[in-house]
Amino acid sequence: MREKGTLYGIGVGPGESKFMTVKAVETLQHADVIIVPKTEKKTDSVAYQIAKPFIPETIEILPIVFPMVPNMEVQEAAWAENRKAIEELLAAGKDVVFLTLGDPMFYSTYMYIFRALEDSAYAVETIPGIPAFLALAARLGRPVAEQEEVVTVLPATAPREKMDRVIAVSDSLVIMKVYKSWPAVKELLTEHGFIDNAVMISRAGLPDEEVFRDLRAIPADAKLNYLSTILAKRRS
């Protein structure tokens, strides 16, 4: 009987397939099953589309839904079910890859499975990927941090009071998960002197990428894409 399989968490990077690491591609070539995380049954997986050019046709593709809903009971039930499905594959000796956008250890769905299995009998290996904000900075020629600048990576889903406090002591900002919190983000960037030295990219590295250089011109009630990230620096 084959020994237990290994779970590989692979970051596919920000959008362009060529940003994937050599190690990520090599691991895909030898995997038995690829887990494709999705937020809803009907949605497609951006991470899968990025990795697809490097996935052999012989590999089994297994979509798994991780519902992003406020009801924690619903989430926990789904996570428990997904963990069981992955453990069954590993117990059968299958090497399983879990694909995730950007880096697996950075605001990733993969961390739920990683936490569940890190103390289990199964081997887990995490393969890093390029975070979207670093690819964005390289593409636009905008250094994220220089000399003694204080950089804050901020999820826009955080409470407004918390965002206000950390923005006040920051020189450079990376703001993620902007899509539902744009009104508050726009106000805070304006109040703290960041709005005129800020840029936002939606769906970085993908065919329908959009770059917004004048954030003042974006209405507070604008509907932003889920994959929207802001880089901003305080005006001196």
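Select β2 (33-38) and β4 (96-100) to begin: these strands pair in the parallel sense over three bridges, where pairing requires that DSSP finds at least two bridges between two strands, and strands (E, at least two residues) and helices (H or I, at least four residues) are DSSP runs numbered from the N terminus. Within this pair, I34 stands opposite V97 in β4. Before going on, note that this is a predicted model, in which local features need pLDDT of at least 70 and side-chain atom pairs count only at pLDDT 80 or more, while totals for chains, interfaces and linings use all residues. Residues are numbered from 1 along each chain as its sequence is written, and side-chain values use heavy atoms, with hydrogens and water left out.

Widen the selection to the whole sheet, which is open, has five strands in the order β3-β2-β4-β1-β5, and shows parallel pairing. At its edges stand β3 (60-65) and β5, each with a single partner strand, so one side of each is left without a neighbour in the sheet. From one strand to the next, the twist averages 25 degrees.

Next, add helix α4 (residues 110-117), which lies across β1, β4 and β5 and runs at about 150 degrees to β5; such angles run from 0 to 180 degrees between N-to-C directions, with axes fitted to C-alpha atoms, for helices over the stretch in contact. In the loop between β4 and α4, pick S108, which is buried with a relative accessible area of 7% (buried means under 20%, exposed over 50%, and partly exposed in between, with a 1.4 Å probe and protein chains only). The side chain of S108 reaches the backbone oxygen of P104 at 3.3 Å.

Now turn to helix α1 (residues 22-29), where A24, V25, T27 and L28 are buried. These residues cover an arc of only 160 degrees around the axis, taken from the directions from the helix axis to the C-beta atoms, which puts them on the same side of α1. The buried residues of α1 pack against β1 (6-11), β2, α2 (46-51), β4 and β5 (123-127), contact meaning heavy atoms within 4.5 Å.

Move on to the other open sheet, whose five strands follow the order β6-β7-β10-β8-β9 with mixed pairing. Its edge strands, β6 (151-155) and β9 (210-212), each pair on one side only. Inside the sheet, five bridges join β8 to β10, which run antiparallel, and I201 stands opposite T229 in β10. Helix α7 packs on the sheet, touching β7 and β10, and its direction makes about 10 degrees with that of β10.

With that sheet in view, select the largest nonpolar core, which has 21 residues, those with the most contacts inside it being I175, W182, L189, L215 and I230; a nonpolar core is a set of buried Ala, Val, Leu, Ile, Met, Phe, Trp, Tyr and Cys residues joined through side-chain atoms within 4.5 Å. The elements giving two or more residues to this core are α6 (160-168), β7 (172-176), α7 (182-191), β8 (198-202) and β10 (228-233), and the largest share, four residues, comes from α7. Centre on I175, whose contacts, leaving aside neighbours within four places in sequence, are L154, A156, V185, L189, S228, T229 and I230.

Finish at S202 in strand β8, a residue that is buried with a relative accessible area of 5%. From S202 to I230 the separation is 28 residues in sequence and 9.0 Å in space, C-alpha to C-alpha.

Definitions and conventions:
A polar contact is a pair of N or O atoms within 3.5 Å; within protein, one must be able to donate a hydrogen and the other to accept it, and residues adjacent in sequence count only if both atoms are side-chain atoms.
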